[in-house]
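Reader: I would like a close look at the cysteines in this model and at what surrounds them. Could you start there and then follow the chain outward into the neighbouring parts?

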Amino acid sequence: MDAPRPDAPRLIIKTPQEVKTVQLLEHKVWTIGRNRSNLIRILDRFASRFHGKLEIFEGRLCCYWDLNSSNGSLLNDQRIQSGVILNHGDRITIGSTELLLKHRFVTTASQPQLPVNQQVLMIHASAVQGKIWQEILLSQNISVEWDCPGTDLQQLVNLRTTTHTLPGLLILDVNAIAGDISALGHWCRTKVIEAQILLIDSQRNTIPPEEQSQAKANGFLDLYPAFSPRLLTQRAQFEPPLQTVLKGCGQPLTLNDDSLSKALQALSQLINQTAHSIPHVPHDAEPHDAELHKAEPHDAEPHKAEPRNAEPPELEDDPWDQDPEELTSLQVDSTLER
């Protein structure tokens, strides 16, 4: 089996019985469910025969759709209503099965190994905003490393400084950072870290000038608002943040216009696709599958994941469903690695 690639998206599948990993390289679309024909087959009694699908764009953008399943899917404990773009560390829950996406390193195809000063470490609360940042940075030949919301930044910076692997720039979403931001700035100035920090606020469309000035006074490069996903083809909103990033990385301030335009066009199509598409259920899905458990009405209480020790619901008979050995194992295709 080939050695795992550090820049490849991976899916860690956790069941009450075992944990396995899939490198999401061999296929662009990965169907998930109880039916034998799924590339990722999960033998979970709360899962539908064709429960969901993962789609990989350009080898680095991961999206998940729930295929009108009976019990639904949760993303980080929230019910999924439409297609969603996934971030590194996102967790999809199907019954008692968890699917954890790991995609820490994202590099450019033309230059997969970039020096540390051309790398950016990002922590985002919003997957859409994070992926916009990822793609515009890659368009300027800047590699991206991800970490998860809630990461202990002081511990991270101390460790990476010691090992000389701290990227030259950190892009931090203020909504993904625990604790006081100004205290973080004071600590960074006291520590005299080699990296610079750019703040963004993924929950606001505008930032008052006085807040931007305060951020700079606290030692940060700047504080920028969220990008508008509906205006991705309008370059004006991207030029100031990108120039700040290039300056922070010590690179020339000239943007690669053609590469940026192509990245924004592709992103616009992807975001529209996830927001408005209707999931396609495979043609061989059984009609009665949707009747196993009726969906909650729109005014019902928010969906909650079933407890691990909950009694499984009564399912309609399936030929393989009668085999107890199959119900205590997880089956996926040959790309699995232990």
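Author: Let's begin with Cys63. The closest cysteine sulfur to that of Cys63 belongs to Cys62 and lies 7.5 Å away, which is too far for a bond. A disulfide is a covalent bond between the sulfur atoms of two cysteines. The cut-off for calling a pair of sulfur atoms a disulfide is 2.5 Å, and a search of the whole structure turns up 0 disulfides. Please keep in mind that this is a predicted model.

How buried or exposed is Cys63? Its relative accessibility is 0%, so Cys63 counts as buried. One of the residues that touch Cys63 is Lys53, which is found in strand 5, residues 52–57. Lys53 has a relative accessibility of 17%, and because the limit for buried is under 20%, Lys53 counts as buried too. Leaving aside residues up to four places away in sequence, Lys53 touches Val29, Trp30 and Thr31, and also Cys63, Tyr64, Trp65 and Leu67.

Strand 6 spans 61–66, and the loop between strand 6 and strand 7 (74–75) is where Asn68 sits. Asn68 has a phi near 55°, which is a positive value in a residue other than glycine. With a relative accessible area of 52%, Asn68 is exposed. A little further along, the loop between strand 7 and strand 8 (78–79) holds Asn76. Asn76 is not a glycine either, yet it has a positive phi of about 50°. Its relative accessibility is 34%, so Asn76 counts as partly exposed.

Now for another cysteine, Cys249. Its relative accessibility is 4%, so Cys249 counts as buried. Helix 5 covers residues 239–248, and its buried residues are Pro241, Leu242, Thr244, Val245, Leu246 and Gly248. Just after helix 5 comes Gly250, with a positive phi of about 70°.

Which helix does helix 5 meet? The axis of helix 5 comes within 11 Å of the axis of helix 1 (residues 127–139), and the two cross at roughly 60°. That angle makes helix 1 oblique to helix 5. The crossing of the two helices is right-handed. Helix 1 brings Trp133, Ile136 and Leu137 to the contact, while helix 5 brings Pro241, Leu242 and Val245. By class, the residues of this contact are 6 nonpolar, no polar and no charged. Pro241, Leu242 and Val245 are also among the buried residues of helix 5. An α-helix has 3.6 residues a turn, so residues three or four places apart point the same way.

A second helix pair is worth setting beside that one. Helix 2 (residues 153–162) and helix 3 (residues 181–191) have axes that come within 11 Å and cross at roughly 20°. That makes helix 2 roughly parallel to helix 3. This crossing is right-handed. On the helix 2 side, Leu153, Gln154, Val157 and Asn158 meet Leu184, Trp187 and Lys191 of helix 3. The residues of this contact divide into 4 nonpolar, 2 polar and 1 charged.

Leading into helix 2, the loop that follows strand 14 (143–146) contains Gly150. Gly150 has a relative accessible area of 52%, so it is exposed. The C-alpha atoms of Gly150 and Ile123 are separated by 8.7 Å, although these residues are 27 residues apart along the chain.

A pairing across 12 residues is found earlier in the chain, where the C-alpha atoms of Gln23 and Leu11 are separated by 6.5 Å. Gln23 is found in strand 2, residues 19–23. The relative accessible area of Gln23 is 9%, so Gln23 is buried.

To place these details in the whole protein, there are 6 helices and 19 strands. Of its 338 residues, 51% count as buried; Cys63 and Cys249 each count as buried. Among contacts with a separation of 6 or more, 63% are between residues 24 or more positions apart.

How values were computed: Residues numbered from 1 in each chain as written. Predicted model: local features only at pLDDT ≥ 70, side-chain atom pairs only at ≥ 80, totals over all residues. Heavy atoms only, no water. Axes fitted to C-alpha atoms, helices over the stretch in contact; angles between N-to-C directions. Helix = DSSP H or I, 4+ residues; strand = E, 2+ residues; numbered from the N terminus. Parallel < 35°, antiparallel > 145°, perpendicular 65-115°, else oblique. Left-handed = near helix turned anticlockwise from the far one by under 90°. Contact = heavy atoms within 4.5 Å. Nonpolar A, V, L, I, M, F, W, Y, C, P; charged D, E, K, R; others polar. Buried < 20%, exposed > 50% of the residue type's maximum accessible area, 1.4 Å probe, protein only.
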